[in-house]
Amino acid sequence: MTLIEKVLHLAPVIPVVVIEDPAHAVPLARALVAGGLPVIEVTLRTGAALEAVRRIADEVPDAVIGTGTVRRPADLDASAEAGARFAVSPGYSPDLVAAARGHAVGWLPGAATASEAMTLAEQGFAFQKFFPAEAAGGVALLRSLHGPLPEIRFCATGGIGLHNAADYLATPNVACVGGSWITPAKLLQAGDWAAVETLARQAAGLPRAD
Ligand SMILES: O=C(O)C(=O)C[C@H](O)[C@H](O)COP(=O)(O)O
């Protein structure tokens, strides 16, 4: 089993987190782990992101920490240097595919069409992020892909929340889902880690097929 395969099966939901203040990183990660969501994706969309990853890697050993919004090979290197175990991209590029092969961090590339999924699988990446899930066609598209491409497994992300996560998780080619609903900016700003833990526990209790 590859690292990415293991990561995608640890929990039904991967929280996608935007951290503006590095001081939020450790209490946030502890709340997610306590709520049953050990896999955490910190998007590289803020200046605080890499420092947040570093702190979680150092101080929350039960968290499996990764980066998101990985767009360039340099993002993979920076992720590894900060202590991330995995890195997630909204799509892929030839440069990223080349850099990810044999890299210290496991890479989860993004696909939204049959051609993208096939291209990535051909390059050895059978585990993919299906993004943007709802906008690209949602559960119906995933079910359609499962017929011709049964070996490809997805982490569906984009527009997913408690209202539709169970439908995705019941889809045979979905290993897990990702989303930002567990860590709303409001709760982070308020330092309401108990509320984050409650949302995490709700998400961790979702049943899944795969
Ligand atoms: O940052 C990345 O790497 C992305 O590809 C996008 C994120 O996964 C989505 O923005 C999360 O989607 P929502 O749960 O709808 O907020």
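**Entry 1. Helix H4 and the strands it covers**

I began with helix H4, residues 73–82, in this predicted model. H4 lies across three strands: E3 (64–68), E4 (86–88) and E5. I took the angle between H4 and E4 and found about 145 degrees.

**Entry 2. The sheet**

I next looked up the sheet to which these strands belong. It is an open sheet of nine strands, and its pairing is parallel. I recorded the strand order as E5-E4-E3-E2-E1-E9-E8-E7-E6. Strand E5 (106–108) stands at one edge and strand E6 (110–111) at the other, each pairing on one side only.

**Entry 3. Strands E1 and E2**

I followed E1 to its two partners. Strand E1, residues 13–17, runs parallel to strand E9, residues 174–179, and three bridges join them. I noted proline 15, whose bridge partner in E9 is glycine 179. With E2, strand E1 pairs in the parallel sense over two bridges. Here valine 16 stands opposite glutamate 41 in E2. I also checked the cover of strand E2, residues 39–43: four of its five residues are buried, and the strand is mostly covered.

**Entry 4. Strand E8**

Is strand E8 enclosed or open to the outside? I found that five of the five residues of E8, residues 153–157, are buried, so the strand is largely enclosed by the rest of the structure. I then sorted its residues by direction. Arg153, Cys155 and Thr157 point one way, while Phe154 and Ala156 point the other way, and all are buried. This follows a general pattern: side chains in a regular strand alternate between the two faces of the sheet.

I listed the bridges of E8 as well. Strand E7, residues 127–130, runs parallel to E8 and is joined to it by four bridges. One pair that I recorded sets glutamine 128 against phenylalanine 154 in E8. E8 and E9 also pair in the parallel sense, over four bridges. For threonine 157, the bridge partner in E9 is glycine 178.

**Entry 5. Glycine 179**

I returned to glycine 179, which has its place in strand E9. Why does glycine 179 count as buried? I counted 23 other C-beta atoms within 10 Å, and a residue is buried because 20 or more lie within that distance. Leaving aside neighbours within four places in sequence, I found glycine 179 in contact with Val13, Val16, Thr157, Ile160 and Gly161. I also took the C-alpha to C-alpha distance from glycine 179 to glycine 159: 7.4 Å in space, for two residues 20 apart in sequence.

**Entry 6. The ligand**

Which residues are closest to the ligand? I noted Gly68, Thr69, Pro90, Gly179 and Ser180 as the closest of the 14 residues that surround the ligand. Glycine 179 of the previous entry is thus listed again here. By class, I recorded nine polar, five nonpolar and no charged residues in the shell around the ligand.

**Entry 7. Helices H2 and H11**

Lastly, I examined the packing of helix H2, residues 25–34, with helix H11, residues 193–204. Their axes are 7 Å apart, and the helices pack at an angle of about 35 degrees. I recorded the crossing of H2 and H11 as right-handed. From H2, the residues that meet H11 are Pro27, Leu28, Ala31, Leu32 and Ala34. From H11, I listed Trp193, Val196, Glu197 and Ala200. By class, the contact of H2 with H11 holds eight nonpolar residues, one charged residue and no polar residues.

Notes
Residues are numbered from 1 along each chain as its sequence is written. This is a predicted model: local features need pLDDT of at least 70, side-chain atom pairs count only at pLDDT 80 or more; totals for chains, interfaces and linings use all residues. Axes are lines fitted to C-alpha atoms, for helices over the stretch in contact, and angles run from 0 to 180 degrees between N-to-C directions. A crossing is left-handed if the near helix is turned anticlockwise from the far one by less than a right angle, and right-handed if clockwise. Two residues are in contact if their C-beta atoms, placed from the backbone, lie within 7 Å. Ala, Val, Leu, Ile, Met, Phe, Trp, Tyr, Cys and Pro count as nonpolar, Asp, Glu, Lys and Arg as charged, and the others, Gly among them, as polar. Two strands pair if DSSP finds at least two bridges between them. A residue is near a molecule or strand if its C-beta atom, placed from the backbone, lies within 6 Å of it. A residue is buried if 20 or more other C-beta atoms lie within 10 Å of its own, exposed if 12 or fewer, and partly exposed in between; C-beta atoms are placed from the backbone.
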